[in-house]
Amino acid sequence: MTAKYSYNPRDARFLLKEWLPLADILNYERYQDLSLDDIDGLLEQMNRMVANVIAPTNDDGEINHPRLVNGRAVGPPSWKEVYQYLQQQGWGTANFDRNADGTMPEVVYAALAEMMCAASPAFIYYPALTTGAFKVIQTYASPCLQQKFLPGMMDGRFQGCMCITEPSAGTDVGDGLTRALPTDEPGIYKIKGSKIFISAGDGDHAENFIYLTLARISGAKAGTKGLSLFIIPRFWINDDGSTEPNDVETTGIENKFGIRGCPTVSLAFGDNDRCRGYLVGNPPDEQGNGEGMVQMFQMMNGKRLECGLTSAGVAANEYWNAATYCRERVQGRPLTNPRADRVPIIQHEDVKRMLMLNKATTEVIRSLVMKAYFYQDISENDPDLARRKWAFARLECLFPICKAYTSDEAWILICESIQTYGGYGFTEDYPAARAVRDTKINSLYEGTNYIQSMDLITRKWPLHKGQAFAGLLQDIDNFIAAHKQACPEFGREFAKLGKALRSYQELQGITLAYFQQGKIDLVASFARRILTVTGQLLGAHFLLEQAVIAQSHLRETEKDHYDYNYYLGKTLSARFYINQILPNVWNTTDLVKEGDPTILNCPEEIFAY
Ligand SMILES: Cc1cc2nc3c(=O)[nH]c(=O)nc-3n(C[C@H](O)[C@H](O)[C@H](O)COP(=O)(O)OP(=O)(O)OC[C@H]3O[C@@H](n4cnc5c(N)ncnc54)[C@H](O)[C@@H]3O)c2cc1C
């Protein structure tokens with residue numbers, strides 16, 4: 001039952017200081033106070049804080065998971081203090097206040113947040129949801145509403161929440177039944193409806209809960225287009241600062257198999273006709289189009305990147321835990337020398353395979369997510385509007401990959417970590433069992449991974465007449481052209497990356513042809529696999545870029561240098577991933593080209609047997 005925090009920030013340091021051109025971001029006026037030299041200190045400080053403050057409370061979330069007491073959720077006892085500490089010490093939401101000095105870029109914060117995710121993937125919901133709601137209010141709400149809600153969100157008195165899902169509206173967000181009726185007070189609406197699965201939607205760790213809620217104003221269009229966004233405080237805040245209940249009830253609490261410490265609740269708004277909410281932005285236009293989805297998408301996209309961040313943190317932590325176990329567990333003799341003494345299992349070929357798969361793929365996941373945050377920083381801060389738009393288009397292309405590729409892989413990787421422990425991995429005595437339960441949610445919520453796959457194919461591939469996504473592919477071509485000759489050590493890997501790129505472009509062409517032939521159902525049946533190979537292609541590119549940098553260090557580093565094995569590991573990650581994982585790109589292209597319709601031809605009746 002004991003969680004174990006084993007995070008090693010070495011790779012994050014490399015990505016920030018050597019791989020990404022972080023200096024580009026630090027040049028922005030807003031970040032003038034920060035330099036590359038500060039990165040080591042920030043990572044160390046956060047690692048220490050996470051190890052001492054957050055990690056020790058992970059077990060509390062598992063043992064004392066939330067309960068309903070007199071209609072309110074009661075959370076893990078130690079989490080309130082940790083939430084307040086984070087928010088008040090500036091490690092949480094306050095970092096995202098656009099009006100404050102001394103904040104750090106998203107990409108730097110992401111490297112720090114990955115450690116929090118690794119230490120307690122369920123706790124991270126508290127600060128992350130508050131931050132997501134905070135950003136939406138700061139971007140879209142009036143100064144008056146910002147003044148009312150933002151200070152309490154920054155200092156930990158308030159908890160932010162995202163209220164989209166309803167019993168009959170999961171993936172079909174546009175079918176939500178929550179309604180909003182105008183009142184005599186401008187901008188204030190009466191709200192009636194119910195929401196389910198609301199993360200951090202109640203608890204005893206905050207004074208107030210700020211529900212960002214999608215609802216339909218009477219007369220607005222059906223579907224997602226007609227939705228508007230409301231700020232609904234659980235306790236209404238009067239102008240003199242006093243509060244009163246706002247007719248929001250917690251009607252249930254989910255009994256989850258993972259992230260158990262974070263209360264996930266169902267809520268009823270306005271059962272007594274006394275629930276009020278503030279409209280964010282404008283009422284629906286004359287055609288009945290509301291602004292809610294666009295506004296909420298800011299939070300949803302943020303959560304999608306966080307799915308990737310959590311996947312990286314949890315999978316990496318369990319990989320390091322498994323590697324430690326494998327160094328200690330002695331079992332079996334070397335296959336190539338059966339007369340030798342028994343050896344630690346880390347020396348066995350298949351155990352090394354599992355660790356290598358974990359190491360290389362978590363590095364891919366981390367790289368994808370960090371690259372996305374890097375583009376986000378450019379898109380929000382660059383003085384050149386055209387470059388901001390360019391970066392935002394890149395970011396948009398990466399959202400579904402960072403959400404879905406990462407979370408699908410993390411689940412598989414932690415299953416492999418369990419496998420490395422043998423039977424012990426199947427017990428709750430080792431941390432991998434809880435980690436695999438904790439990580440599963442990332443493929444399910446925030447738009448299931450199938451929804452992300454179709455988003456990639458139908459929206460992100462054609463974005464800006466296809467130029468945005470084509471730019472990501474062009475980067476691969478440019479990289480190969482620029483480095484292939486100079487790095488003969490990776491001749492095989494460059495050749496395979498080039499082959500995968502051409503194959504992926506062929507895959508796009510085949511998919512487009514299916515669309516033109518009206519075979520959208522066939523595309524849907526392959527969509528998840530197309531998303532996977534997209535992650536693999538981009539990931540292989542990023543790992544080879546990193547391997548080229550690492551190789552330049554190896555040329556100048558003796559074997560006994562303290563960083564030798566780190567850089568050697570980076571080159572081996574790239575070699576393993578490109579030679580043994582990347583071939584899935586052309587295998588999948590062949591599969592899609594063949595267009596086997598078996599799935600489409602399955603009558604549902606066969607699934608009874
Ligand atoms: C722990 C937890 C926390 C959550 N936190 C929040 C939160 O804070 N706020 C919030 O609003 N929601 C939250 N959710 C809800 C979550 O976002 C939804 O569960 C998710 O969007 C999926 O909806 P659903 O469960 O209704 O599944 P369904 O929509 O019923 O989907 C079931 C399956 O069918 C597939 N499917 C559905 N429609 C289609 C289609 N058209 N084509 C092909 N396949 C389809 C899906 O991909 C999925 O595999 C949370 C859920 C959980 C479990």
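In the predicted model, a network of salt bridges links Asp11, Glu114, Lys359, Glu363, Arg366 and Lys570. Salt bridges in the structure number 34 in total, and three further pairs, each joining parts of the chain that are distant in sequence, are described below.

Helices H4 and H12 are connected through the pair formed by Asp59 and Arg434, whose side chains meet in a salt bridge with an N to O distance of 2.8 Å. Because Asp59 belongs to helix H4 (residues 58–63) and Arg434 to helix H12 (residues 432–444), this contact ties together parts of the chain that are 375 residues apart in sequence. Asp59 and Arg434 are both buried. A salt bridge is also formed between Arg437 and Glu62, with the closest N and O atoms 3.2 Å apart; here Arg437 is contributed by helix H12 and Glu62 by helix H4, again with the two positions 375 residues apart in sequence. The relative accessible area of Arg437 is 15%, so that this residue counts as buried, and Glu62, at 6%, is likewise buried.

A further salt bridge involves Asp273 and Lys192, for which the closest N and O atoms lie 3.4 Å apart. Asp273 is located in the loop between strand S11 (264–269) and strand S12 (276–279), whereas Lys192 is part of strand S5 (residues 188–199), and the pair thereby links parts of the chain that are 81 residues apart. Asp273 is partly exposed, with a relative accessible area of 44%, and Lys192 is also partly exposed, its relative accessible area being 31%.

How values were computed: Residues are numbered from 1 along each chain as its sequence is written. This is a predicted model: local features need pLDDT of at least 70, side-chain atom pairs count only at pLDDT 80 or more; totals for chains, interfaces and linings use all residues. Side-chain values use heavy atoms; hydrogens and water are left out. A salt bridge is a side-chain nitrogen of Lys or Arg within 4 Å of a carboxyl oxygen of Asp or Glu. Helices (H or I, at least four residues) and strands (E, at least two) are DSSP runs, numbered from the N terminus. Buried means under 20% relative accessible area, exposed over 50%, partly exposed in between (1.4 Å probe, protein chains only).
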